[in-house]
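Open your viewer, put the backbone in cartoon style, and keep the selection box ready. We will go stop by stop, choosing something to click on each time.

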Amino acid sequence: MIKILHTSDIHLGAKVSFLGSRASKYRQKLLETFESIYDKAVEEQVNLVIIAGDLLDSPFPSKTDTEIAKGVFKKLAEAGIYVVILPGNHDYLTDGCVYVVDDLSQGNSRIKVFNDPEENIFYIEELDLGLYVKVNSSPKGIQSPLYIGGQDPLPEREGDMNPKYKVAIA
């Protein structure tokens, strides 16, 4: 059985200026919550962590927020846990964004960052798992992220067996 930890809308780097003097404390809590994902994933012995959009509050985050994210991803991968990250509507995929210019995967095959709007299928052979992904390439999409064109999003690949598990992420 596969165990998946799913999260989204963490919004590292959010200004939350509407909170006034409490904004700094709130940003610190967001950071602590994000960093606790590692502990929870190890404690629960998950196979895969999915971050389904808005890890960051902007497609152009601070270097500090980027390095924090990379540190958590690296720890997860070193613990044998796969990590899949999708751009959301706040940290959407665009020219020059963090997903394009920074190697968030750090060359680790256990960390998959969807940074190409045409790439929407990822197989994890070890887990017999296929993922269908719809990334955001703008802050406002006009097509439902659930639209898959009426076709099996994870068709059998030539010479391979169809994965036992299929997960759609949008």
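**Stop 1: a charged pair and its neighbours**

Select glutamate 67 and lysine 70 and show their side chains: the two meet in a salt bridge, at 3.6 Å from N to O. A salt bridge here is a side-chain nitrogen of Lys or Arg within 4 Å of a carboxyl oxygen of Asp or Glu. Side chains of opposite charge can pair when their charged atoms come close. Glutamate 67 and lysine 70 are three residues apart in helix H2, so about one helical turn separates them. Through salt bridges that share partners, Lys63, Glu67, Lys70 and Asp102 become one network.

A word on what you are looking at: this is a predicted model, in which local features need pLDDT of at least 70 and side-chain atom pairs count only at pLDDT 80 or more, while totals for chains, interfaces and linings use all residues. Residues are numbered from 1 along each chain as its sequence is written, and side-chain values use heavy atoms, with hydrogens and water left out.

Now add lysine 63 to the selection. Lysine 63 also forms a salt bridge with glutamate 67, with 3.7 Å between the closest N and O atoms. These two are four residues apart in H2 (residues 63–78), again about one helical turn. Helices (H or I, at least four residues) and strands (E, at least two) are DSSP runs, numbered from the N terminus.

Which of these residues are buried, and which are exposed? Buried means under 20% relative accessible area, exposed over 50%, and partly exposed in between, with a 1.4 Å probe and protein chains only.

- Lysine 63 is exposed, at 62%.
- Glutamate 67 is partly exposed, at 36%.
- Lysine 70 is buried, at 14%.

**Stop 2: another salt bridge**

How many salt bridges does the structure hold? There are seven. For one more of them, select glutamate 44 and lysine 40, whose side chains come to 3.6 Å, N to O. Glutamate 44 is partly exposed at 31% relative accessibility, and lysine 40 is partly exposed at 39%.

**Stop 3: the nonpolar core**

Next, select Phe34, Val49, Leu55, Phe73, Tyr99 and Leu131 and show them as spheres. They have the most contacts inside the largest nonpolar core, which has 44 residues. A nonpolar core is a set of buried Ala, Val, Leu, Ile, Met, Phe, Trp, Tyr and Cys residues joined through side-chain atoms within 4.5 Å. Helix H1 (23–43) and strand E2 (48–52) are among the elements that give two or more residues to this core. H2 gives the most, with six residues.

Zoom in on phenylalanine 73. Leaving aside residues up to four places away in sequence, phenylalanine 73 touches Phe34, Ile51, Leu55, Val83, Ile85, Leu104, Gln106 and Ile111. Contact means heavy atoms within 4.5 Å.

**Stop 4: the four-stranded sheet**

Switch back to the cartoon and find the open sheet of four strands, in the order E1-E2-E3-E4 with parallel pairing. Two strands pair if DSSP finds at least two bridges between them. Strand E1 (4–7) and E4 are the edge strands, each pairing on one side only. E1 and E2 are joined by four bridges; to see where they face each other, pick isoleucine 4, which stands opposite leucine 48 in E2.

**Stop 5: strand E6 and its partners**

Select strand E6 (129–133). Is E6 enclosed or open? Five of its five residues are buried, so E6 is largely enclosed by the rest of the structure. Leu129, Leu131 and Val133 point one way, while Gly130 and Tyr132 point the other way. In a regular strand the side chains alternate between the two faces of the sheet.

Then add E5: E5 and E6 pair in the antiparallel sense over four bridges, and isoleucine 124 has leucine 129 as its bridge partner. Four residues lie between the strands of this hairpin, where aspartate 128 takes a positive phi near 55°.

Finally, add strand E7 (residues 165–169), which runs parallel to E6 and is joined to E6 by five bridges. Valine 133 stands opposite isoleucine 169 in E7.

**Last stop: zoom out**

Show the whole chain. Its secondary structure comes to three helices and seven strands, and 40% of its 170 residues count as buried.
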